[in-house]
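Reader: I would like to learn how to read the empty spaces inside a protein model. Can you take me through this one?

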Amino acid sequence: MNKKIIMNQDRLLHGGDYNPEQWLDSPDILKRDVELFLKAGINTVTMGMFSWALLEPEEGRYQIDWLVEIVERLYQNGIYTILGTPSGARPQWLAKRYPEVLRVDEQRQRNLFGGRQNHCYTSPVYRQKVRGINLLLAKALGNHPGVLLIHLSNEYGGDCHCPLCQEKFRGWLKERYDTIEELNRRWSTTFWGHTYQSFEQIESPSSRGEMLLHALNLDWKRFVTAQTVDFAAQEKKAIRDGGCQKPVTTNFMGDYDGLNYRKFKGVIDVASWDSYPEWHRKPVPQTAAETGFQHDFMRSLLKKPFLLMESSPSATNWQEVSKLRKPGLLHAASLQAVAHGSDSVLYFQLRQSRGASEKFHGAVIDHYGGEDTRVFKEVCQVGETLSKLSELAGTVQKPKAALIWDTENRWALMDSQGPRNAGMPYKETAEKMYAGVRRLGLDMDIIDMEDDLEDYRIVLIPMLYLFRAAIEDKIREFVKNGGTAVMTFWSGVADDTDRCFLGGVPGKLTEVFGLRRTEIDGLYEGEENAAIPVKDNFLSLERSYTCRNLCELVNVSEARVLMTYEKDFYKDLPVLTCNQYGKGKAYYICADMERQFYNDFLEAVQKNDKIEKPLSDIPDGVEVTIRESEEATYVFIQNFSTDPVSLKLPDHDFEVVYGETGGSLNGLSSVVLKI
């Protein structure tokens, strides 16, 4: 594995996307920008991702002086640059002269010029041209003291079905399976008589052709990820060949399942992502929990601080409804990112574009251009807070809880055609489990099946339909050695090419969980059942809970039954079980349970396992998160409800790093303690 380069950082970064190329004919605006940046405590800008047409207006004719000048001017004012490579948006001349660089869709039609990420990752021409512009940037600015790190492209995503990609896909399959006979066996192509006689016959999934061969769909997504990662690696190589050794990142998108972001770990030195939750659509504490899940996913990629690369200081312009952030929300959301391990709060965008697609997207500086707007004042408040928390830069989290959230499992699960073809609650189940642990103040890693489990005390396993990377062996050893595993319905159904296991489900873990699934019932919308507690169960669960969508029927061998179904033909069958295996416990949840069940059940497990919490009593709507250094522990306490709450602070000595601790915490307020 490549050695990761550490970003030298003595502060939390504050700033965001800046597009000075839109204002080169207005030097007064560029000058005013710097003045406003300094007032807002902005110390970092991201530039260059959409500058290719200006950097290379004609093939082979480069003009970079304007960018060098702006990087230098900002640096002289104490503002650093995250330098972006412009591969996400090619210039017109490139697409016109070399049509092969444009993508072909699944209908086999080549796109016209336009949009972002509208290029073929396989095209040798595109790779060559990207290498040229990246070399230019690396040589001109890669070692400038004002450049903090390199930002590859912008939101990698999408796929291309052109002849170049088809041929590459076939080569990828041949390397993976070696023979066409092995591919046919693993893909179960005898079903519907779709057996291949050679690799040359294979085409990518298309609505005009094959879309119901699930292993084909799964491997195509794997290939797209592999090809995108390889493209990113080539971008990075050009930067290194240009003499730049600065750390490299790329901005991931929240809850994007088009790529398996785990596979980028060998390329990036720092993980970063773009966070755009729909605040105020749901209760703020729920949205905060869902956003925290994404923060923890990004932090867990490299198990070290990440960067919040983009967030909106106000409304977006591309969501269904462009809802304003209510007063206090920007500050609370920004501090939440830091609490979960971000070393930055960066926005899209710093100055609002005057025209085109994102002219109405929220910005630090709007079309009015003044400093007396509500948004600008709130950004200034964030900047002031981050300066007070600068000592947190580089601190880490050391969770004892983990949740397995696996992209390849998600691909297979959502494509499986049963037991629900709409409303498969994978994301919802994961978020409910996550929120149930987080409301206890326990930090959590979001991992996948390739990660190890031995560092954790409790591992949550929602709907792990597909087993790969020897995950059954890891779970078995984890429980055997004293860990607590909590697995849900519809787990252990298929192998890594989506072939169903024979001989019992959950595959190879029936002994660990002490049961075997026999059937699974899909419930219609509006239909529900209930789970009722078994009398004197050892977790002291006392109330009943609603279950919807999916209800699994199991035969218990060794497991203890803690809850049973209330009605239907499977009345009195198990809903919640626990099996003692080795030194640990293996819990199994048979149905899609309501949110409150996970709150109560996971709190009971925490008490039973004597897992220490940072605070003894955490009110509803309050999030507690910890960051650590060798010298100190920092406890973030944030109230995401609108009402004040009472707090019971730690008994041991602490220092207040930020906020006030008068025994209560106002709505959307935060306090940071140093222990």
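Reader: Which classes of residue make up the lining of the largest cavity?

Author: This is a predicted model. In it, the lining of the largest cavity divides into seven nonpolar residues, seven polar ones and one charged.

Reader: How is such a space found?

Author: Rolling a probe the size of a water molecule over the atoms shows where empty space is left. Here, a search of the whole structure finds seven cavities of 30 Å³ or more. The largest cavity has a volume of about 150 Å³.

Reader: Which residues lie nearest the centre of the largest cavity?

Author: Look for Ser275, Trp279, Ser311, Ala333 and Ser334. They belong to a lining of 15 residues. Two or more lining residues come from each of α9 (284-302), β8 (307-311) and α10 (329-339).

Reader: Which element gives the most to that lining?

Author: That is α10, with six residues.

Reader: What is the volume of the second largest cavity?

Author: About 120 Å³. Its lining has 14 residues. Tyr256, Phe297, Trp405, Thr407 and Arg410 lie nearest the centre of this second largest cavity.

Reader: Which elements give two or more residues to the lining of the second largest cavity?

Author: Two elements do so: α9 and α12 (407-414). Of the elements, α9 gives the most to this lining, with three residues.

Reader: How many residues of each class line the second largest cavity?

Author: Seven are nonpolar, three are polar and four are charged. For the largest cavity, recall seven nonpolar, seven polar and one charged.

Terms used
Residues numbered from 1 in each chain as written. Predicted model: local features only at pLDDT ≥ 70, side-chain atom pairs only at ≥ 80, totals over all residues. Heavy atoms only, no water. 1 Å grid on protein atoms, 1.4 Å probe; cavity = no way out; pocket = protein on both sides within 12 Å on 5 of 7 lines; lining within 4 Å. Points joined across faces, edges and corners; volume = space filled by probe spheres on them. Helix = DSSP H or I, 4+ residues; strand = E, 2+ residues; numbered from the N terminus. Nonpolar A, V, L, I, M, F, W, Y, C, P; charged D, E, K, R; others polar.
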